[in-house]
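Biologist: Hi! Could you walk me through this one, strands to begin with and cysteines after that?

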Amino acid sequence: MVDSLKDSVKDLEPPLCPKCHKEMVWYQARLESVSPRVIVHSFACTSCNRTTETKSKVEGKPDIPPEKLSRPFRRFRRAA
């Protein structure tokens, strides 16, 4: 999921504040839906504190099924 967030920020242009006409600052991203993968980006204006959101659809790698994930490292193993 982190890769999807990184990919969605690459080409993201901050919107202009409708009141101040300044570039807004990105402060948060969250996953809205998994299929299709939609990420919501939140922006805030540093002058008037107005907020807005933009959505981006990300074409990403398919998720790895749980049975394909590696197991956590075990510090102590039993001797055979």
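Strands and cysteines

Modeller: Happy to! In this predicted model, strand 1 (residues 25-33) and strand 2 (residues 38-44) run antiparallel and are joined by seven bridges.

Biologist: How many residues sit between strand 1 and strand 2 in the hairpin?

Modeller: Four residues lie between the two strands of that hairpin.

Biologist: Nice. Which residues in strand 2 are the bridge partners of W26 and Q28?

Modeller: W26 has F43 as its bridge partner, and Q28 is bridged to S42.

Biologist: And what is the order of the strands in the sheet?

Modeller: The sheet is open, with three strands in the order 1-2-3 and antiparallel pairing. Strand 1 and strand 3 (51-57) are at the edges with a single partner strand each, so one side of each has no neighbour in the sheet.

Biologist: By how many degrees are neighbouring strands turned against each other?

Modeller: On average by 25 degrees, ignoring direction.

Biologist: Changing topic: how many disulfides does a search of the whole structure find?

Modeller: Zero. For C17, the nearest cysteine sulfur belongs to C48 and is 3.6 Å away, whereas a disulfide needs the sulfur atoms within 2.5 Å.

Biologist: What about C20, which cysteine sulfur is nearest there?

Modeller: That of C48 again, 3.6 Å away, and C20 is in no disulfide either.

Biologist: Is C17 buried or exposed?

Modeller: C17 is buried, at a relative accessible area of 1%. C20, with 28% relative accessibility, counts as partly exposed.

Definitions and conventions: Residues numbered from 1 in each chain as written. Predicted model: local features only at pLDDT ≥ 70, side-chain atom pairs only at ≥ 80, totals over all residues. Heavy atoms only, no water. Pairing = 2+ DSSP bridges. Buried < 20%, exposed > 50% of the residue type's maximum accessible area, 1.4 Å probe, protein only. Axes fitted to C-alpha atoms, helices over the stretch in contact; angles between N-to-C directions.
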